[in-house]
Structures are given as C-alpha cells and as structure tokens.
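Trainee: Got a minute to go through this model with me? I'd like to start with one residue and then look at the helix packing.

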Amino acid sequence: MSFLKKYRTYIIYAAITLGLGILSAIITGGYDIYDNFVKPALAPPAIVFTIAWTVLYTIIGISAGMVAESNDLDKQTAIKLYLFQLIINVIWPIIFFKFETIKFALFWLLLLIIVAGLTLKNFFSIRKTAGLLFLPYFIWLLFAFYLNFSIVVLNS
C-alpha cells in the first residue's frame, strides 16, 4: 500500500485545514498592525505566528483525519465540532488584524476556545492520539487569549 493511499484521509484533512488558514491570511492582508500594539512581555515576534500556525494546522488536520477514519459512532459529531471551530478560527485573524476590532476578537477567541475544548474532549474520547495531537493547538489558543487580552488592556 502506498504512503498516499494509506494516509489519504490525514493528508486531505491537513490540506483543508492549511488551505483555510492560508485563505484567512490572504483575506487578512498581513499582520502589520501587530507591530503597532503595546504588547505583553511574552509576546513573540510576528514570524513565530506563521510558523506556529503552519505546524498547528498540520497536526490538527492529521488529528481530524484520525477521527474521521475511526469506527466510533460519535465521529460525525466530533468532525462537525472540528469544522465549526476551524471556521471560527479562520475568522478570528480577520476580526483582529483586518478590522482591528481587538475587543470583539477577544470574545470571538473565547468562543473558539470553548468549541475547541469540546472538540478536544471528543477527539480524546474517540482516539487518544488524535486528542494528544489536538492538545498543543488548544494550549496555543489559551496563549493567544492571553496575548489578545493583554493587547486590549495595554492599548485601551
């Protein structure tokens, strides 16, 4: 069995996830506004976000592929949650960077964290490895919330 055939579902989910991330970046039109904010001490340089999101989108796509391939009866619910949180995720940088509505972006990010948390719970219950792959993304979202919150406080 060829590599592509064996891992087809993982590749498809990773490609869809990365593709939506790229679409969001194109719509956002760049992150120049980030340099203009007063940022907290733990704020990384802008380039870190590009690298982190590329890695995270790849591994959460793979984790979704694992869930999609499972025989679990709850996999459809988990995949619907995954796609829902992914749509919320794709919209967040548009709200924050394109429209520069950082307070609304904070609330949007809270919604994302809630839905991603439900997704994480479902992924863990269906396939532990999928949950473990999804976990760094969830932690990164919590870090993003800290950054977004800090930027709101420091720039208000």
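**Ser-63 and the helix packing**

Mentor: Start with Ser-63, whose side chain reaches the backbone oxygen of Ile-60 at 2.8 Å. Keep in mind that this is a predicted model.

Trainee: Where is the place of Ser-63?

Mentor: Ser-63 sits in helix 4.

Trainee: Buried or exposed, this Ser-63?

Mentor: Ser-63 counts as buried because its relative accessibility is 0%, and the cut-off for buried is under 20%.

Trainee: And what is Ser-63 in contact with, leaving aside neighbours within four places in sequence?

Mentor: Phe-123, Ala-130, Leu-133 and Phe-134 are in contact with Ser-63 on that count.

Trainee: OK, helices now. At what angle do helix 2 and helix 4 pack?

Mentor: The angle is about 140°, and the axes are 7 Å apart. Helix 2 covers residues 8–28 and helix 4 covers residues 46–69. Helix 2 is therefore oblique to helix 4, since roughly antiparallel needs an angle over 145 degrees.

Trainee: Which residues in helix 2 meet helix 4?

Mentor: On the helix 2 side they are Thr-9, Tyr-10, Tyr-13, Ala-14, Thr-17, Leu-18 and Gly-21. The helix 4 residues they meet include Thr-54, Tyr-57, Ile-60, Gly-61 and Glu-69. The residues of this contact of helix 2 with helix 4 divide into ten nonpolar, seven polar and one charged.

Trainee: Left-handed or right-handed, the crossing of helix 2 and helix 4?

Mentor: Helix 2 and helix 4 cross in a right-handed sense.

Trainee: Switching partner: how do helix 2 and helix 5 pack, in angle and axis distance?

Mentor: Helix 2 packs on helix 5 at about 20°, with the axes 8 Å apart. Helix 2 is therefore roughly parallel to helix 5, and the crossing of these two is right-handed.

Trainee: What makes that contact of helix 2 and helix 5?

Mentor: Helix 2 brings Tyr-13, Thr-17, Leu-20, Gly-21, Ser-24, Ile-27 and Thr-28. From helix 5 come Ile-79, Tyr-82, Leu-86, Val-90, Pro-93, Ile-94, Phe-97 and Lys-98. By type, the residues of the contact of helix 2 with helix 5 are ten nonpolar, four polar and one charged.

Trainee: Last one, Ile-95. Where is it, and is it buried or exposed?

Mentor: Ile-95 lies in helix 5, residues 75–98. Ile-95 counts as buried because its relative accessibility is 7%.

Trainee: What does Ile-95 touch, not counting residues up to four places away in sequence?

Mentor: Ile-95 touches Glu-100, Thr-101, Phe-104, Ala-105 and Trp-108. The C-alpha atoms of Ile-95 and Thr-28 are separated by 8.5 Å, and these two residues are 67 residues apart along the chain.

Technical notes. Residues are numbered from 1 along each chain as its sequence is written. This is a predicted model: local features need pLDDT of at least 70, side-chain atom pairs count only at pLDDT 80 or more; totals for chains, interfaces and linings use all residues. Side-chain values use heavy atoms; hydrogens and water are left out. Axes are lines fitted to C-alpha atoms, for helices over the stretch in contact, and angles run from 0 to 180 degrees between N-to-C directions. Angles under 35 degrees count as roughly parallel, over 145 as roughly antiparallel, 65 to 115 as roughly perpendicular and the rest as oblique. A crossing is left-handed if the near helix is turned anticlockwise from the far one by less than a right angle, and right-handed if clockwise. Contact means heavy atoms within 4.5 Å. Ala, Val, Leu, Ile, Met, Phe, Trp, Tyr, Cys and Pro count as nonpolar, Asp, Glu, Lys and Arg as charged, and the others, Gly among them, as polar. Buried means under 20% relative accessible area, exposed over 50%, partly exposed in between (1.4 Å probe, protein chains only). A polar contact is a pair of N or O atoms within 3.5 Å; within protein, one must be able to donate a hydrogen and the other to accept it, and residues adjacent in sequence count only if both atoms are side-chain atoms.
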